[in-house]
Amino acid sequence: MPDAFTVLWTQPTCRALRKAGHVGARPPVAFSGVHTSLPAWSGARAGDEVYALHVSRCEVFVVSRMRVVDRERGDCCGAAAASWDDPAFPGHEAWSMLGAGGCGASAVHVDATPVRFDRPVPGELLERLTWRNRRNRTRNLKHVVDGRLERAVGLQGFYRLAPESADELAGFVGP
């Protein structure tokens, strides 16, 4: 059974998506990294779903739902950088704001829904969302007050959703 995860896309990332005209476009790739500046998608496998979240004015938005296709560097990625100033993934230059230049970045090819910033997670759903770790311990999101997220620190990273929360978030996002 596939797992579902969340990843936080920061203000600069979302600003760059808007500036590049990617609202309404489907990202073909996202990037995983080895440094805390770029979340590691180490638990994700082909078929898993990843919900890209964004926080703005205490609201959490689902920006895109991505189904992992593979984690291999394909021909579409372009040639590997020969020097430090070469682009890491020239074939995905248009989507580089998703982390192509991150420390130890690797491509994660995805089948994604269009990027959008108009789908806020309802407060009652936000209060119920639960994540679980590999030891099957669960946690809820802290700093949710009256359905609004006061601090986004609990979303920073790449986290596995509990199955019930994954189902609820999938139902919210739709097909």
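Analyst: A salt bridge is taken here as a side-chain nitrogen of Lys or Arg lying within 4 Å of a carboxyl oxygen of Asp or Glu. Please keep in mind throughout that the model is predicted.

User: With that criterion in hand, how many salt bridges does a search of the whole structure find?

Analyst: The general idea is that side chains of opposite charge can pair when their charged atoms come close. In this predicted model, a search of the whole structure gives six salt bridges.

User: Which residues are linked with Asp3 in a network of salt bridges?

Analyst: Asp3 is joined with Arg132 and Arg160 in such a network. In the pair with Arg160, the closest N and O atoms are 3.2 Å apart, and the contact links distant parts of the chain, since Arg160 belongs to strand S10 (residues 158-160) whereas Asp3 sits in the segment before S1, 157 residues apart. The side chain of Arg132 also meets Asp3, at 3.4 Å from N to O, and here the partners are 129 residues apart, with Arg132 in strand S6 (residues 130-132).

User: Are Asp3 and Arg160 buried or exposed?

Analyst: Buried means under 20% relative accessible area. Asp3 has 16% relative accessibility and therefore counts as buried, and Arg160, at 11%, counts as buried too.

User: Where do Arg67 and Glu49 lie, and what does the pair tie together?

Analyst: Arg67 forms a salt bridge with Glu49, their closest N and O atoms being 2.3 Å apart. Because Arg67 lies in strand S4 and Glu49 in strand S3, the pair ties together parts that are 18 residues apart in sequence. As for accessibility, Arg67 is partly exposed, with a relative accessible area of 37%, while Glu49, at 13%, counts as buried.

User: Turning to the nonpolar interior, which residues touch the most other members of the largest nonpolar core?

Analyst: In soluble globular proteins, nonpolar side chains tend to be buried together. Here the largest nonpolar core has 30 residues, and those touching the most other members are Val7, Trp9, Leu17, Phe31, Trp41, Val50 and Met66. Two or more residues each are given to this core by strands S1 (4-8), S2 (29-32), S3 (49-56), S4 (59-70) and S5 (106-112), together with helix H1 (11-19). The largest share, four residues, comes from S5.

User: At the surface, which residues form a negative patch?

Analyst: The negative surface patch is made up of Glu124, Glu127, Asp146 and Glu150. One of these, Glu124, lies in helix H2 (residues 123-128).

User: Finally, how should I read the backbone at Arg57 and Asn136; what are the values of phi at Arg57 and at Asn136?

Analyst: The sign of phi is the point to look for. At Arg57, phi is near 50°, a positive value in a residue other than glycine, and at Asn136 phi is near 70°, again positive in a residue other than glycine. Arg57 is placed in the loop between S3 and S4, where it is exposed, with a relative accessible area of 73%. Asn136 is placed in the loop between S6 and strand S7 (138-140), and Asn136 is exposed as well, with a relative accessible area of 55%.

Methods:
Residues numbered from 1 in each chain as written. Predicted model: local features only at pLDDT ≥ 70, side-chain atom pairs only at ≥ 80, totals over all residues. Heavy atoms only, no water. Patch = residues over 30% accessible without salt bridge, like charges linked within 9 Å, V, L, I, M, F, W, Y side chains within 5 Å. Areas by Shrake-Rupley, 256 points an atom, 1.4 Å probe, with all protein chains shown as cover. Lys, Arg positive; Asp, Glu negative; His and termini not counted. Charge placed at Lys NZ, Arg CZ, Asp CG, Glu CD. Core = buried A, V, L, I, M, F, W, Y, C linked by side-chain atoms within 4.5 Å. Buried < 20%, exposed > 50% of the residue type's maximum accessible area, 1.4 Å probe, protein only.
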